[in-house]
Amino acid sequence: MIKRSFFTLSKPKLHYSLIEPGYKEPESIPVPSDLILLLNESIDNKKEMLLKKDQAVEKGEKLSMYEDSSEYVVCPVSGKITDIDIYSDSMGKVSTSLIIKKEQIQSSDSPSTAYDLTEDAACADRFLRNLPGAPPLRAFANSSAKVDTIVITGADSDLSCCTCQYVALNYIDKINAGAKILKQITKAGKICMTIPEQLHYPEGPDMAQVIRTSMVYPSNQPAMILKDHLGMVLPAGQTPEDLGVYFISPEAVVSLANAYETQTAGFEKIVTIIGKQGLVSCVKATIGTPLKKIFDTFGIQINEQDRIIIGGPMQGVTTFTQDHPVQADTDTVIIQDREIIPELSDNACVNCGRCVQICPASIPVNLLVRYLEADHYEEAADKFDLESCIECGLCAYACLARIPLFQYIKLGKHELLKLRADA
Ligand code: SF4
Ligand code: SF4
C-alpha cells in the first residue's frame, strides 16, 4: 500500500469565511410539535424492540432499541412515540427514525431527567453522547484509547460555516469549564483550540493553548492541523485518534460544561444556515427539529430539484428530504437553488491534471477515479492512495469535466470499509 505524506502540498486558492463583525444572536426556532430522532441502529425483526408506538417518553430519557443495544438517543421533549421506521441516508446507511409528538402543555423550559454524572469517560458516554456538538465520548470511553491531545475546533473546517467561530467567541468561560472536565475525564496531556488567524479574538481560554490557523482551505482539516501545528503526519488509513489526537467542537465542550453543571442534557443546537442567495444566518434549534421548520422560519421555499446540503459547500452531503432532522453534529445546512447547482456529468476525464495539482495529499485523483468508477476499491486503496484522501473536496471543485470525484471517493471509502468488514 502507498503511504503518502502531506509534505508536498500544492496551493489551493479558496479561503475560509470569518464570522461577520456585529453578527446577530442566533434566532431561536420554536420546538416543533413533532421531532424526528435518528438512532444509529437498524431494525432487527428477530429481536424484541424496547420502543413501541404510543409509548410515553420523558425529556432527557435515553432511548435504545434493544436490551443489548449500545446505541441510544436522548429524548429532547416529553411526549410519546408516534412512529418507528427505517431511515436510509444518501450513502445507503440504514438507521431507525423515531417520531416523537411533544406534549402540548410542555414549554422548552420544562425540566429534563437528571443524571448522576461523575467525572469519568464511561459515565459521560453513558448519558451525554448526543449533546449538541456530538462530543466523541464513545472514543474517550474506549479502554484502549490513549488521549494525548484534544483539539477544540474554534476554526470551522469547511468554507462559509461559522458555528464553531460563533461558539468560540461567545462562550469562553464555558469552554474553560468544559476543557477542565475533558482533562479530568480523559487525562489528556494537552488541550488546544484552533482560531482563524484573522479573527479578532481578544482572550483565549486559560485551559487551552490557542493555535492560529491559516485562512486558506483546507488548513482546518484535522490532517492539516496535525501536520501544520502538531508536527505529525497522518498515515494512510489511520485517523487522528490512532495517533492520540482527538478533535472536538467548541459547542460540544460548552454542552459538556452545561451538562455537568446542571446534571442534565441540553438539546439546543446552533446551526449555520446558508440560503439560496448565499445569506449566512445562525439559528438555535432543538435536536430532532425537521429542517423544514427552519426553512419556514426564514421564508425559504424549497422547489423541486433544489438541493439541501448537510455540512459545508466542500464536504457536505445532500439530503433528499426537508424532514431531515437537526442532529447533534449538524453545524451547517446549505440550500442551493436548482438554477445554480453545478452540473455533474458522466463525461470522461480529459486529463487536464487540475485535480492532481490541487490535491493537498498529492493523490493521483485522475487515476484513482478510474478504479472507483469500475468498483475496484481494493486496488484504488492499494495502488492509488484512496485512504490518504482527507476529504477536502478540492478535486471535485477543480474538475474540468465535472466528474463527481468527491462522491466517488466517499462511496469508495464506504465500500472499502464494508468489503473489509465482510472479509
Ligand atoms: S478530496 Fe480530492 S483533493 Fe481532497 S484530499 Fe481527497 S483526493 Fe485530494
Ligand atoms: S480534473 Fe477531472 S478532467 Fe481533469 S484530470 Fe482530474 S478527473 Fe480528469
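How many Å separate the centres of domain 2 and domain 3, taken over C-alpha atoms? The figure is in point 1; here are my notes.

Before the points, some housekeeping: this is a predicted model, where local features need pLDDT of at least 70, side-chain atom pairs count only at pLDDT 80 or more, and totals for chains, interfaces and linings use all residues. Residues are numbered from 1 along each chain as its sequence is written, while chains are lettered from A and ligands numbered from 1 in the order in which they are written.

1. Domains. The chain splits into domain 1 (24-31 + 113-338), domain 2 (33-102) and domain 3 (354-422); these bounds come from an automatic or database domain assignment. Between the centres of domain 2 and domain 3 there are 34 Å, taken over C-alpha atoms.

2. Ligand 1. Have a look at the 15 residues that surround ligand 1, the closest being Cys-359, Cys-389, Cys-392, Leu-394 and Cys-395. A residue counts as near a molecule or strand if its C-beta atom, placed from the backbone, lies within 6 Å of it. Helix 11 (394-398) and helix 12 (405-422) are the elements that give two or more residues to this shell. Helices (H or I, at least four residues) and strands (E, at least two) are DSSP runs, numbered from the N terminus. By class, the shell around ligand 1 has 13 nonpolar residues, one polar and one charged. For these classes, Ala, Val, Leu, Ile, Met, Phe, Trp, Tyr, Cys and Pro count as nonpolar, Asp, Glu, Lys and Arg as charged, and the others, Gly among them, as polar.

3. Ligand 2. Here 16 residues form the surroundings, with Cys-349, Cys-352, Cys-355, Cys-399 and Ala-401 the closest. Two or more residues come from each of helix 8 (354-358) and helix 9 (365-373), and helix 9 has the largest share with three. The class count for the ligand 2 shell is twelve nonpolar, three polar and one charged.

4. Core. The largest nonpolar core has 117 residues, and those with the most contacts inside it are Ile-152, Val-253, Leu-256, Leu-368, Cys-395 and Leu-405. Such a core is a set of buried Ala, Val, Leu, Ile, Met, Phe, Trp, Tyr and Cys residues joined through C-beta atoms within 7 Å. Buried means that 20 or more other C-beta atoms lie within 10 Å of a residue's own; 12 or fewer makes it exposed, anything in between partly exposed, with C-beta atoms placed from the backbone. Cys-395 also appears among the closest residues to ligand 1. Leaving aside neighbours within four places in sequence, Leu-256 is in contact (C-beta atoms, placed from the backbone, within 7 Å) with Leu-128, Leu-131, Pro-135, Gly-178, Ile-181 and Leu-182.

5. Four-stranded sheet. This open, antiparallel sheet has the order 2-7-6-3, with strand 2 (34-39) and strand 3 (56-57) at the edges, each pairing on one side only. Strands pair if DSSP finds at least two bridges between them. Strand 6 (residues 79-88) and strand 7 (residues 94-102) are joined by nine bridges, with Lys-80 partnered by Lys-101. Those two strands form a hairpin with five residues between them, and Gly-92 in the turn has a positive phi of about 85°. On the other side, two bridges link strand 3 to strand 6. Gly-79 is worth a click: it stands opposite Val-57 and also opposite Lys-102 in strand 7.

6. Six-stranded sheet. The second open sheet runs 1-13-12-16-14-15 with mixed pairing, and its edges are strand 1 (27-28) and strand 15 (317-319). Strand 14 (residues 307-310) and strand 15 are antiparallel over three bridges; Ile-309 has Thr-318 as its bridge partner.

7. Backbone oddities. Most residues other than glycine have a negative phi, and most peptide bonds are trans. The bond from Tyr-217 to Pro-218 is cis, with omega near 5°, and Pro-218 sits in the loop between strand 10 (209-213) and helix 5 (222-229). Ser-160 has a positive phi near 65°; its loop lies between strand 8 (149-153) and helix 3 (163-170). Because Ser-160 has 17 C-beta neighbours inside 10 Å, it counts as partly exposed. Gln-263 also has a positive phi, about 60°, in the loop between helix 6 (250-262) and strand 12 (268-274). With 14 C-beta neighbours inside 10 Å, Gln-263 counts as partly exposed too.

Notes
Contact = placed C-beta atoms within 7 Å.
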